[in-house]
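Visitor: Please pick one part of this model and take me through it closely. I want to know where its side chains sit and what they meet.

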Amino acid sequence: MGNSKDSQTDRLLAAAIYVSSFFTVFIGPLVIWLIKKDDSPLVDFHGRQYFNFLITYFLYGVISYILMIILIGFVLAAIVGVAAFVFTIIAAIKAFEGKAYRIPFILRIL
């Protein structure tokens, strides 16, 4: 992972996990990860990162929704949305570079 033996295909598929999430939040990244996780440590790492990210930011979204009762949730929801978008793009770029990027503020579940 993150070394010279990562092929161009592995780096492209690792980046595709994040890019495909803009079109299919769950299915696209899951298919790529399940097909290549045993063959490529880079794809396995980024697949785990993405699903940890997805679970964590879902929880942040639920918390934001609940906090909308006291109005701070509207601000929090906007921050969570922008952060999710920005961190997804950064992670896709780092994956394409073959680097092991850990997305900030996520729970390490997988």
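Guide: A residue is buried under 20% relative accessible area and exposed over 50%, and partly exposed lies in between. With those limits, arginine 48 is partly exposed, because its relative accessibility is 33%. The model is a predicted one. Arginine 48 lies in helix H3, and that helix is the part to follow.

Start with the charges. Arginine 48 makes a salt bridge with aspartate 44, and 3.3 Å separates the closest N and O atoms. The two residues sit four places apart in helix H3, about one turn of the helix. Aspartate 44 has a relative accessible area of 18%, so it falls under the 20% limit and counts as buried. The bridge thus joins a buried acid to a partly exposed base.

Now the core. The largest nonpolar core holds 22 residues. Ile17, Tyr18, Tyr50, Phe53, Tyr57, Phe87 and Ile103 have the most contacts inside it. Helix H3, spanning 41-67, supplies at least two of the core residues, and so do helix H1 (8-20), helix H2 (27-36) and helix H4 (72-96). H4 gives the largest share, with seven residues. In soluble globular proteins, nonpolar side chains tend to be buried together.

Phenylalanine 87 shows where that core reaches. Beyond its neighbours within four places in sequence, phenylalanine 87 touches Phe53 and Tyr57. Its other contacts of this kind are Tyr101, Ile103, Pro104 and Phe105.

Next, the rings. The whole structure contains nine aromatic pairs. One of them joins phenylalanine 26 and phenylalanine 51: the centres are 5.7 Å apart and the planes stand at 80°, so the pair is edge-to-face. Phenylalanine 26 is in the loop between H1 and H2, while phenylalanine 51 is in helix H3. The two are 25 residues apart, and their pairing links distant parts of the chain. Their surroundings differ in exposure. Phenylalanine 26 is partly exposed at 44% relative accessible area. Phenylalanine 51 is buried at 6%.

A further pair stays inside the helix. Tyrosine 50 and phenylalanine 53 lie 6.1 Å apart, centre to centre, with 50° between their planes. That geometry counts as tilted. Three residues separate them along helix H3, about one helical turn. Tyrosine 50 and phenylalanine 53 are buried. These rings belong to one aromatic cluster, made of Tyr18, Phe26, Trp33, Tyr50, Phe51, Phe53, Tyr57 and Tyr60. Trp33 of that cluster has a charge over its ring too: the charged end of lysine 37 sits there, 5.1 Å from the ring centre.

Go on to threonine 56, again in helix H3. Its relative accessible area is 1%, so it counts as buried. A polar atom of its side chain lies 2.8 Å from the backbone oxygen of asparagine 52. Setting aside neighbours within four places in sequence, threonine 56 is in contact with Phe105, Ile106 and Leu107. Arginine 108 is 52 residues away from threonine 56 in sequence, yet the C-alpha atoms are 8.8 Å apart in space.

One residue on that list deserves a second look. Phenylalanine 105, which touches threonine 56, lies in the segment after H4. Phenylalanine 105 is in contact with phenylalanine 87 as well. Its relative accessible area is 61%, so it counts as exposed. Its phi is positive, about 65°, although the residue is not a glycine.

A positive phi turns up again in the loop between H3 and H4, where leucine 71 is placed. Leucine 71 is not a glycine, and its phi is about 70°. This residue is exposed, at 58% relative accessibility.

Last, the charges elsewhere. The count of salt bridges comes to three. One of them pairs aspartate 10 with lysine 36, at 4.0 Å from N to O. Aspartate 10 belongs to helix H1 and lysine 36 to helix H2, so this bridge ties together parts 26 residues apart in sequence. Aspartate 10 is buried, at 11% relative accessible area. Glutamate 97 and lysine 99 form another bridge, with 3.4 Å between the closest N and O atoms. Glutamate 97 is partly exposed at 41%, and lysine 99 is partly exposed at 42%.

Conventions: Residues numbered from 1 in each chain as written. Heavy atoms only, no water. Core = buried A, V, L, I, M, F, W, Y, C linked by side-chain atoms within 4.5 Å. Buried < 20%, exposed > 50% of the residue type's maximum accessible area, 1.4 Å probe, protein only. Contact = heavy atoms within 4.5 Å. Salt bridge = Lys/Arg side-chain N within 4 Å of Asp/Glu carboxyl O. Phe/Tyr/Trp six-rings, centres within 6.5 Å; stacked < 30°, edge-to-face > 60°. Lys NZ or Arg CZ within 6 Å of the ring centre and 35° of its normal. Polar contact = N/O pair within 3.5 Å; in protein donor to acceptor, adjacent residues only side chain to side chain.
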